[in-house]
Structure formats: C-alpha cells, structure tokens
Amino acid sequence: MSSCAALDITAWLGISLAVDMNDLPPTLARASLRLKFPPSYAVVGIYRLCTDKSLYKPAWDKCRYGAQRGLIAGFIWTCLTYKIQRHFIKSALTNPSSFFSFRSITRYSQTADELSHESLFGHRLPFSISTYVTILLLGSQITSILVFFLSRNIRIARQRAWDQTVASRGKGADFWQPYVEEWEFPPVVNDRPWGKLDKLVQGWFLRMVVRKVLLFPLSLYPFVGTFIAAWFKALGTAQYLHKPYFEAKKMTRNQVAVFMEERKWDYRTFGFTAALLEGLPIIGLVFTVSNRIGAAMWAHDLEKRQHYIAEKRLHAGGADGSDAQYVIVDRKKD
C-alpha cells in the first residue's frame, strides 16, 4: 500500500499516526472505501437479492403463497374502491380549507384535477394530481393487505436473508465480538431508560403513530413529500435494520447510542435510502428484504474494523490489553 493511500485511510478512520498503517489488512482497506458511502450498501443489497439464488429463492418460497393471495385481494379492493376514493381525494384537493389543498402551498391558476396540464421541470404530467394521490393511497392500502397475508413469513424471510448473507461471507456466530470503543473521546449521549413506556415508544406503537398518522399524509404530496417522509424515518429505519448487529455483539443501550452518534450521518444517509425504497408502494416489501441484506454487509465491514481496532489495542496494552489506549480520535466534526 502506498504512503498516500495509507494517509487517506488514516485520515478517514481517524487512527492515530502511532498506528502502523502498513499493517492494515487488504480486506479492511477495501471495506473502508465502501464505508465512506453507506447508501451503496442498499444498492448492493438489491443486487445480491436479484442475483444470488441462495438469497432470493428461500425468501420467495417463504412468501410466495401469501403474496399471491394478497395481490388478488388487493386487485379486488382496487376495482371496488378506486372511483370512490378518487372522488373523495379530488374533493379534498380542490377544497381551499382542506389540509391537502395545493392552493395553500402553491399558486396554481387551475384546480387540482386539471394540474395534468401543468408542467414539471418543463415536462407535462401524464395524469392529474388527484389520480396520482389516489394511486399512492391505493398502493399503500394494497401494501397493507400484502403485509396482512405475509405477516410472519416475511419476518422470517428477512431474518434468513440476514443469516444467509453473513454465512455467505464465511463468518459464524463467533465473528461478532464484544464492542470496542473506537474514539478517544466518545460523545456523551442521554440513554436514560423510561421503563415500560420507553419500550412502548421504541416499539410498534411509535412506528405506527409516526408512519401511519404523522408521515403518511406527508407522503401523499407529489414527489417532494416522499423524500421528506423518508428523511424523517431515516434514523429509525437504520437502527431497526442494524438491530441484529447490536444484538449479536451484545451491546448495551449506551453502547448502541454512542455507536450510532459517532456515525450519525452514515446512519442517516443509509436509513434515508432504505426508507425511500421501503416507502415505495407494493415493491417496497421486496426492498425490506434487500435492505436487510445490505445492512448485514455493512455490519460485516463495521465488524472487521472493530476487529482491527481491538487487535491494535491488545498489542498496545500487552497480552490482556488492560493498559491499551484508544487508537481512534474524533476527526469527524459536524
């Protein structure tokens, strides 16, 4: 490895120059390039799910019959309710006092139903805004129907996708070692537990309130709303996707909070990409599996860096590592 490349990796990892960068394993050097751009793991997850038979076949076999029943039920629901829902949505969009009225945030000279005549970035819209919102709403409803029929099976498929991804890297359960602090001065976080209330907030209740009540109306706004909703869900999505990683390392609540705070923008960008993909109607359920694959590959690279830091600390402190000093310093400032 050239000295220039070693210095680049040193600056990015924040490793003290006392550490001999010539000893950096080639696999970690390659992983460091991927770790610079965490959203790439979501793309890699899609690619692996589409091309690796050991990943897509078990997932499809587990979800096949539930998906078929859900799609049939969703098609019947669409045929029965499309015109009714479009009528109500059109009324909501054209009513000036409605929360969804575009007159409150824009200065269109035409009604919402006639916005197909307007242009977006110089291109005419192929359909009216009311049709667009109706399609999004129906897509969300069909997605909920699919989730109802898939239920437990898709959760099993996601867990198997994680396990198979880790196994495909040639790693077993012993690969996940205890947490090692990588910064010399880790950030201070407030992780005070609130008992049962905290568990409720961190669980399904919060996800339901935030996603179904607060963010769902926002996602119905054309184009921009989808991105805003994904940004609000970014950090929570990333934490959820890495929950198996934290559990495998047996990390405490404080360690998880510090670990994520140290990499908050990495988690935000990866979570934003994952939430944006999962927020797509119907096909987003496929991305919930591919995102788990991408998260597993990201966790694999993060763990390789944890191994490297642990090894350097052990050598610096002796056989037991009790006198080892931190070799990572905070070089990422907001």
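# A tour of the predicted model

Start by selecting T81, which is found in helix α4, residues 53-94. This is a predicted model. With a relative accessible area of 11%, T81 is buried. Show the side chain and add W77: a polar atom of the T81 side chain lies 2.7 Å from the backbone oxygen of W77.

**The whole chain**

Zoom out and colour by secondary structure. The protein has 14 helices and two strands. There are 334 residues in the protein, and buried ones make up 42% of them. Switch to a surface view: the protein exposes about 19000 Å², of which carbon and sulfur atoms supply 62%. Among contacts with a separation of 6 or more, 75% are accounted for by residues 24 or more positions apart.

**Helix α5 and the residue after it**

Select residues 129-150, which form helix α5. How far apart are its end C-alpha atoms? They are 31 Å apart, and this agrees with the 32 Å that its 22 residues should span at 1.5 Å a residue. Step on to S151, just after α5, where phi is positive at about 45 degrees.

**Two cysteines**

Next, select C50 and C63. Which of the two is buried and which is exposed? C50 is exposed, its relative accessible area being 57%, whereas C63 is buried, at 10%. There is no need to look for a bond between sulfur atoms, as a search of the whole structure finds zero disulfides.

**Salt bridges around E182**

Turn to the charged side chains. The count of salt bridges comes to 10. Select E182 and R263, which form a salt bridge with their closest N and O atoms 2.9 Å apart. This pair links distant parts of the chain, 81 residues apart: E182 is in the loop between α6 (152-168) and α7 (196-202), and R263 is in the loop between α12 (253-262) and α13 (264-278). R263 is buried, with a relative accessible area of 4%. E182 also counts as buried, at 4% relative accessibility; the cut-off for buried is under 20%.

Keep E182 selected and add R305. These two form a salt bridge as well, with the closest N and O atoms 3.2 Å apart. R305 lies in helix α14, residues 284-317, and E182 in the loop between α6 and α7, so the pair ties together parts that are 123 residues apart in sequence. E182 and R305 are both buried.

Now add E262 to the selection. Which residues does the network of salt bridges link? E182, E262, R263 and R305 are linked in it.

**K249 and E303**

For the last stop, select K249 and E303. The closest N and O atoms of this salt bridge are 2.9 Å apart. Here too the pair links distant parts of the chain: K249 sits in the loop between α11 (243-248) and α12, E303 in helix α14, and 54 residues separate them. Are these side chains in buried or exposed residues? K249 is buried, with a relative accessible area of 4%, and E303 is buried, with a relative accessible area of 0%.

To finish, display helix α14 with both of its visited residues: R305, which pairs with E182, and E303, which pairs with K249.

Note on methods
Residues numbered from 1 in each chain as written. Predicted model: local features only at pLDDT ≥ 70, side-chain atom pairs only at ≥ 80, totals over all residues. Heavy atoms only, no water. Disulfide = S-S within 2.5 Å. Buried < 20%, exposed > 50% of the residue type's maximum accessible area, 1.4 Å probe, protein only. Helix = DSSP H or I, 4+ residues; strand = E, 2+ residues; numbered from the N terminus. Expected span 1.5 Å × (residues − 1). Salt bridge = Lys/Arg side-chain N within 4 Å of Asp/Glu carboxyl O. Contact = heavy atoms within 4.5 Å. Areas by Shrake-Rupley, 256 points an atom, 1.4 Å probe, with all protein chains shown as cover. Polar contact = N/O pair within 3.5 Å; in protein donor to acceptor, adjacent residues only side chain to side chain.
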